[in-house]
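Here are a few exercises to work through with the model open beside you. Try each one before you read its solution.

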Amino acid sequence: MAEPYPGRQEDPEYAPLAGGAEPGERHRPAKAIFLAGLAVLLVVGVTIGFATHESPDSCTELNSSRLAPFREGGEGLRRPVPSEAVVELAPRGVKEGVSAKSNRIFAGAGVRGFPWNNSMLSWQRTAFHFQPEKNWMNDPNGPMYYKGWYHFFYQYNPGAAVWGNIVWGHAVSEDLIHWLHLPLAMVADQWYDINGVWSGSATVLPNGRVVMLYTGSSNESMQLQNLAYPANLSDPFLLDWVKHPGNPVLAPPPCVDKQDFRDPTTAWYTSGGKWRFAIGSKINNTGVSFVYETDDFENYQLLPGLLHAVPGTGMWECVDFFPVSDDGLDTSVNGPGVKHVMKMSLDEDRNDYYAIGTYDEEANTWVPDKPEIDVGIGIRYDYGLFYASKTFYDQNKRRRILWGWITESDSEAADVLKGWASLQGIPRTVVLDTKTGSNLLQWPVEEVESLRLSSKEFDRVVVKPGTVAPLHVGTATQMDIVAEFELDKQAIEATPEADAEYVCSTGGGASRRGALGPFGLLVLADDDLSEQTPVYFYVVKGSNGTLQTSICTDQSRSSVATDVNKQVYGSFIPVLEGEKLSLRILVDHSIVETFAQGGRSCITARVYPTKAIYGAARVFLFNNATEANVKASIKIWQMNSAFIRPYNPQ
């Protein structure tokens, strides 16, 4: 396995912004002068969109050559655009050149509003998940660990609880749980980002320097890549940020639409002594990732070919690319046997997909281990609400941590009433599932356990078919639940084989009964179960006698409100021989996060009950199978609130 930075620690030419001088004070090479001149031309004539007057024929030829390596044998893997992605009224963000930033179901639709009151809306605010003090938040940006502090930046609207006027919010924490809000890191104040300081990534260099590459939406709504860096590296809070005077450093490559070029990744260091990073885009309806190379983060070269492309997946947002093992790896680790994760956020359905494969640095390509579950057509990080995610390598604890944006699934009108929208999922560690080889294991960071208070255990409880049993744990609004389930073996053997499968989204939810499911837990339920959110397993005995297991979260009866989504989320989950069915559920007011089989599959839901709130929230154990008893062992902790405080310059 190659070292991340062989021989570079002592190289005086390594630091691109060395000596504390502003970049403008350094001698600029010819290429940098050219880029600066290009920036001036942009201001004068940005309407030409960096175009070099390519003819349609020349673009067809160029894009055809770019996609040629991904055509052979790939026609059968094209991803159909899901029907739910087709809408009549474009939600916020679409015309501006990003994915939808408002609820597609309720955007502009004539939905009957629910008479929310302040008590209900106040309950929805979480206690131990990160969110701003008020207003709108979306993508996580530039997470990193620096001088004893975890830094978290995020897309933020400082003026309203809806998407728009995007700048970078900023917060720091010593443990990823308790946070200190800081002043805005970057605002939209330059022609190249005046329409939005959009997503980007941090790269912490071996000499301690920090560079931030981000996408700006220009005065002509062109997506341009820009460089920023801390004004004072001795400040552990990194309060002040400087935008590089040579911005923008990158414009869309030839024959790529000006609104299809965004979200640079963290850079990785190559064996050739240069840095590379990827940017998402699309060519026609093929999602692609370009790779750029640099040795100073001011001058860049577009490498030939594409890192990867998948026909039919559309625009790739928030691409992430990193090595993975059964432990955390620095982003630059590569070598024989090292697997890499390719992840993208799919603009057309607002889900995050990943696949595991092999990175060839010399060829500048990544190849999936299993093309049938390639990125965009296979496995997702999360089968609920989880988008625009971003990982970073935590050098403090030698682990990779995943952040993800959890949007609302109520109406925009309700968000405006409560004065905020969106939150971040609990930070998750990410490792390779060495048992399957195809999955990642995602798990809440260990620091979450510091919030655990009193607990109750229910050991080997036998739950008969058609049973709902209350679990008396007191208030059930903030909980950490760990559970294991065993199906009765005799019932499994007696169940006839069937040529059938269960799909969570169309399977009828927890009310549809089968021989071997559903069974699990009802969270955020009231006493008479008029509101309930089942988290459950559903097992089907296939035609060859094998068991096929799904993990689902059913929102269909989660609220009596009329203006909230009531979908059933979930997926098939591999359960290997000898494994018990296992769950961990984090309940924090209006968010329910489920981690099944050690994090092999995850589901995040937003839930908006009107009755099952405050002291009226309950949790139940249930078995709605028709044939099988279920044996359950459960431990439930009450959870404390995190200390998330405002910034005080004093």
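**The whole chain**

The protein has an accessible surface of about 24900 Å², and 51% of that belongs to carbon and sulfur atoms (areas by the Shrake-Rupley method with a 1.4 Å probe; for residues, only the protein chains shown count as cover). A word on the source: this is a predicted model, where local features need pLDDT of at least 70, side-chain atom pairs count only at pLDDT 80 or more, and totals for chains, interfaces and linings use all residues. Residues are numbered from 1 along each chain as its sequence is written, and side-chain values use heavy atoms, with hydrogens and water left out.

**Exercise 1.** Work out how many helices and strands the protein has, and what percentage of its residues is buried.

*Solution.* Start with the elements: there are 5 helices and 38 strands (DSSP runs numbered from the N terminus, helices being H or I with at least four residues, strands E with at least two). Next, burial: of the 650 residues, 60% are buried (under 20% relative accessible area; exposed is over 50%, partly exposed in between, with a 1.4 Å probe and protein chains only).

**Exercise 2.** Find out whether Thr294 is buried or exposed, and which backbone atoms its side chain reaches.

*Solution.* First, place Thr294: it belongs to strand 12 (residues 286-294). Thr294 counts as buried because its relative accessibility is 2%. Now follow the side chain of Thr294: it comes to 2.8 Å from the backbone nitrogen of Phe297, and one of its polar atoms is 2.7 Å from the backbone oxygen of Asn299. Finally, leaving aside neighbours within four places in sequence, Thr294 is in contact (heavy atoms within 4.5 Å) with Lys274, Trp275, Asn299 and Tyr300.

**Exercise 3.** Trace the open sheet of 6 strands and say which strands stand at its edges.

*Solution.* Begin with the order, 26-37-28-33-34-35, with antiparallel pairing (two strands pair if DSSP finds at least two bridges between them). Strand 26 (452-463) and strand 35 (601-606) are the edges: each has a single partner strand, so one side of each is left without a neighbour in the sheet. Then zoom in on one pair: strand 28 (residues 478-487) and strand 37 (residues 630-639) share 9 bridges in the antiparallel sense. Phe485 sits opposite Ala632 in strand 37.

**Exercise 4.** Locate Gln567 and decide how its accessibility is classed.

*Solution.* Gln567 lies in the loop between strand 31 (547-554) and strand 32 (568-572). Gln567 counts as partly exposed because its relative accessibility is 35%. Last step: the C-alpha atoms of Gln567 and Arg557, 10 residues apart along the chain, are 9.4 Å apart.

Key: Polar contact = N/O pair within 3.5 Å; in protein donor to acceptor, adjacent residues only side chain to side chain.
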